[in-house]
Structure formats: C-alpha cells, structure tokens
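Thank you all for coming; I would like to spend a few minutes on one pocket and on one pair of helices. Please have a look at the structure first, and then we can go through them in turn.

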Amino acid sequence: MRYLWVLFNAAIWTVVFGLLGIFASIFESNKGKTLGHCARLWGKYILFFTGVRYSVKGLEKLNPNGCYIFAGNHASGYDIPLAFAGLPYWLISIAKIELKSVFILGWVMKTAGHIFVDRRKRESAIASLEKSKKSLINNPRSILLFPEGTRTCDGELGLFKRGGLMLSIETGIPIGPVA
C-alpha cells in the first residue's frame, strides 16, 4: 500500500511541477533553470507527502555558486527525490534513455536538459555524453549521476561506468560524492 502511495505522489507532483516548470520556462532566457527549481520542489513534496525525513550534511564544504558532478550509489527509489530536494544547485541528471518515453516525465526531463544515455549502445552513450560536455561548458550546471549505471539490489557498490565521471575530467567540474 505504501508503494502505491509513493507512486501516486511521484506521478501527481511530476505532473504539477513539470507542467508548471515547462510553462514558466517559456519566459526564461536560461532554459532549464526554472525547471531546476521545480525539480527541487518536486523532490521535497514527494518526500514530505510520503513521510520521509532527511537531513543534509557537508554542504558547507561546497561553493554555493559552483557546479558539481554529484555521484552516488543508487540504492533506493528515493535517491533521486532526495538528491533534488537536498542539493541546492541547478541539477540535471544522467538518465537511462527509457525515461525519455515516460508520459510527461520524459518531456519535462528533455525540456530541462537532462542527459539521456542508451546503456545498450556504447557508441550512442558516448555521443550523448560528448554533446552534454559541450552543453555543460557553454551553460554550467550540476549533474546527478549514479556511476554504476543502475540501481543496486543489495546496497553494495558495483563497477563504475567511466562515461559520466569522465565529464568531470573533460569539463573541470569537480565530483561531489553523495551518500
């Protein structure tokens, strides 16, 4: 029953904040920044209405005006709302390409400038990361990625895929570990 409540909240708040962000972004010059603010509210609302309490530690070690590549272990369905709610940065994610076809969510993510990677086609994944590298240099923002490339079943760290972390080296954006 709790799982259905979480899904319901995720769907409702994705529609509300996604459509609000897309509408508001029509009037902004820095495309995606308004959707970044909406994504932060999206995460906070999902966590609040599903009863998840959280705290954030270590932000004082980061430059509040900087950009980072936030890398964490993807161990829960809450990881993404927690990251968006807890990290006060303009944040986009590196996401599996399958999310691009999810009703409304894909449209919102594409409009916000999230990076889609086809995990089954190495050449395509590399090409999308190359394109995003240029975009990050021209329009700096922070990235959320899960270097293992998928959610872990047991919480143990798996092998890291190099592509997302190579963005740090090639763009000069520092990595911020997330736990």
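Helix H3 gives the largest share of the lining of the second largest pocket, namely four residues, and I should say straight away that we are looking at a predicted model. The volume of this second largest pocket comes to about 520 Å³. Its lining is made up of 22 residues, among which Val56, Leu87, Pro177, Val178 and Ala179 are the closest to the centre of the pocket. If we ask which elements give two or more residues to that lining, they are strand E1 (69–72), helix H3 (79–86) and strand E5 (175–178). Sorted by class, the lining of the second largest pocket holds 13 nonpolar residues, together with six polar and three charged ones.

Let me now stay with H3 and turn to its partner, H2. In general, two packed helices are described by the angle between their axes and the distance between the axes. Here the axis of helix H2, which covers residues 33–49, and the axis of H3 come within 7 Å and cross at roughly 120°, and H2 and H3 are therefore oblique to each other. The crossing in which H2 passes H3 is left-handed.

Which residues in H2 and H3 meet? On the H2 side they are Ala39, Arg40, Trp42, Gly43, Lys44, Ile46 and Leu47, and on the H3 side they are Ile80, Pro81, Leu82, Phe84 and Ala85. Taken by class, this contact of H2 with H3 consists of nine nonpolar residues, one polar residue and two charged residues.

Conventions
Residues numbered from 1 in each chain as written. Predicted model: local features only at pLDDT ≥ 70, side-chain atom pairs only at ≥ 80, totals over all residues. Heavy atoms only, no water. 1 Å grid on protein atoms, 1.4 Å probe; cavity = no way out; pocket = protein on both sides within 12 Å on 5 of 7 lines; lining within 4 Å. Points joined across faces, edges and corners; volume = space filled by probe spheres on them. Nonpolar A, V, L, I, M, F, W, Y, C, P; charged D, E, K, R; others polar. Axes fitted to C-alpha atoms, helices over the stretch in contact; angles between N-to-C directions. Parallel < 35°, antiparallel > 145°, perpendicular 65-115°, else oblique. Left-handed = near helix turned anticlockwise from the far one by under 90°. Contact = heavy atoms within 4.5 Å.
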